Structures are given as structure tokens and as C-alpha cells.
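Trainee: I am new to this structure. Please take me through one part of it closely, and then show how the rest connects to that part.

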Amino acid sequence: MSGRFYRVTCPDCENEQIIYGKAATEVACAVCGHVLARPTGGKAVIEGEVTETVERRAEHA
Ligand SMILES: [Zn+2]
């Protein structure tokens with residue numbers, strides 16, 4: 001199964017970014033560089049505020 005994606009708001013600049021829930025590398029905010037997700041070997045730790053969970057199975061067909 002595919003993983004989940006999270007819409008995360010950066011605590012520093014309020015930029016919204018979609019982050020994969022099992023990110024294997026650190027994900028930084030594209031605007032200010034604040035680390036929004038840290039890999040733990042399994043599920044990533046989300047550092048920002050999650051505003052939405054996005055299921056990835058319904059893409060535009
Ligand atoms: Zn930011």
C-alpha cells in the first residue's frame with residue numbers, strides 16, 4: 001500500500017507543504033529551511049503543524 005501524505009504548516013513562516021509520512025530524508029521548509037520532518041527509520045516525525053492528511057490513492061485520472 002502507498003503511504004500517507006501530510007499537509008504541514010511551517011511553524012516559522014506558515015508555508016504549507018506536503019510531506020510524505022515515511023520520508024527517508026529530512027524535509028525542510030522550502031521557504032525558510034525549518035526542518036518539518038525527520039526520518040526515524042520508519043514513520044517520519046512531523047515537526048510542523050499537520051493541517052490535513054492526504055490519501056494518495058485518488059489522483060486525477
Ligand atoms: Zn518555513
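In which sense do β3 and strand β4 pair, and over how many bridges?

Mentor: Keep in mind that this is a predicted model. β3 and strand β4, residues 35-38, pair in the antiparallel sense. The pairing runs over two bridges. At one position you can see V27 standing opposite A37 in β4.

Now widen the view to the sheet. β3, β4 and β5 form an open sheet of three strands, in the order β3-β4-β5, with antiparallel pairing. β3 covers 27-28 and β5 covers 45-46. Both stand at the edges, each with a single partner strand, so one side of each has no neighbour in the sheet.

Next, look at the loop between β3 and β4. C32 is found there. Is C32 buried or exposed? It is exposed, with 12 other C-beta atoms within 10 Å. A residue counts as exposed at 12 or fewer, so C32 falls in that class. Leaving aside neighbours within four places in sequence, C32 is in contact with C10, D12 and C13.

Follow that contact to C10. C10 sits in the loop between β1 and β2. Here the count is 21 other C-beta atoms within 10 Å, and C10 is buried. The cut-off for buried is 20 or more. Beyond the residues up to four places away in sequence, C10 touches N15, Q17, C29, V31, C32, H34, L36 and G48. L36 lies within strand β4, residues 35-38.

Two of these cysteines, C10 and C32, also appear in a database record. An unreviewed UniProt entry has the annotation "binding site" covering C10, C13, C29 and C32. They span 23 residues in sequence, yet no two of their C-alpha atoms are more than 8.8 Å apart, so they gather at one spot. The unreviewed entry also lists residues 10-32 as "zinc finger region: C4-type". In the model, the end C-alpha atoms of that span lie 9 Å apart. The span is 0% helix and 30% strand.

Now the other sheet. Three strands form an open sheet in the order β2-β1-β6, and the pairing is antiparallel. β2 and β6 stand at the edges with a single partner strand each, so one side of each is left without a neighbour in the sheet. From one strand to the next, the twist averages 30°.

Take the pairs one at a time. Strand β1, residues 4-9, and strand β2, residues 16-20, run antiparallel and are joined by five bridges. R7 stands opposite I18 in β2. The hairpin of β1 and β2 has six residues between the strands, and E14 takes a positive phi near 65° there. On the β6 side, β1 and β6 pair in the antiparallel sense over six bridges. F5 stands opposite V54 in β6. R7 has a bridge partner in β6 too, namely E52.

How many of the seven residues of strand β6 are buried? The number is zero, so β6, residues 49-55, lies largely in the open.

I19 ties several of these pieces together. Its place is in strand β2. I19 counts as buried, with 20 C-beta neighbours inside 10 Å. Setting aside residues up to four places away in sequence, I19 touches F5, Y6, V8, V27, L36, A37 and I46. Among them are V27 and A37, the pair that stands opposite across β3 and β4. I19 and V50 are 31 residues apart along the chain, and their C-alpha atoms are separated by 9.6 Å. Y6 has its own set of contacts: I19, G21, I46, V50, T53 and V54, again not counting residues up to four places away in sequence.

Finally, the core. The largest nonpolar core has ten residues: Y6, V8, C10, I19, A23, V27, C29, L36, A37 and A44. β1 and β4 each supply at least two residues of this core. In soluble globular proteins, nonpolar side chains tend to be buried together. The part you began with is represented here: V27 and A37, which stand opposite each other, are both members of the core.

Key
Residues are numbered from 1 along each chain as its sequence is written. This is a predicted model: local features need pLDDT of at least 70, side-chain atom pairs count only at pLDDT 80 or more; totals for chains, interfaces and linings use all residues. Two strands pair if DSSP finds at least two bridges between them. Helices (H or I, at least four residues) and strands (E, at least two) are DSSP runs, numbered from the N terminus. UniProt positions are given in the numbering used here, feature names are shortened, and annotations may be inferred rather than shown by experiment. Two residues are in contact if their C-beta atoms, placed from the backbone, lie within 7 Å. Axes are lines fitted to C-alpha atoms, for helices over the stretch in contact, and angles run from 0 to 180 degrees between N-to-C directions. A nonpolar core is a set of buried Ala, Val, Leu, Ile, Met, Phe, Trp, Tyr and Cys residues joined through C-beta atoms within 7 Å.
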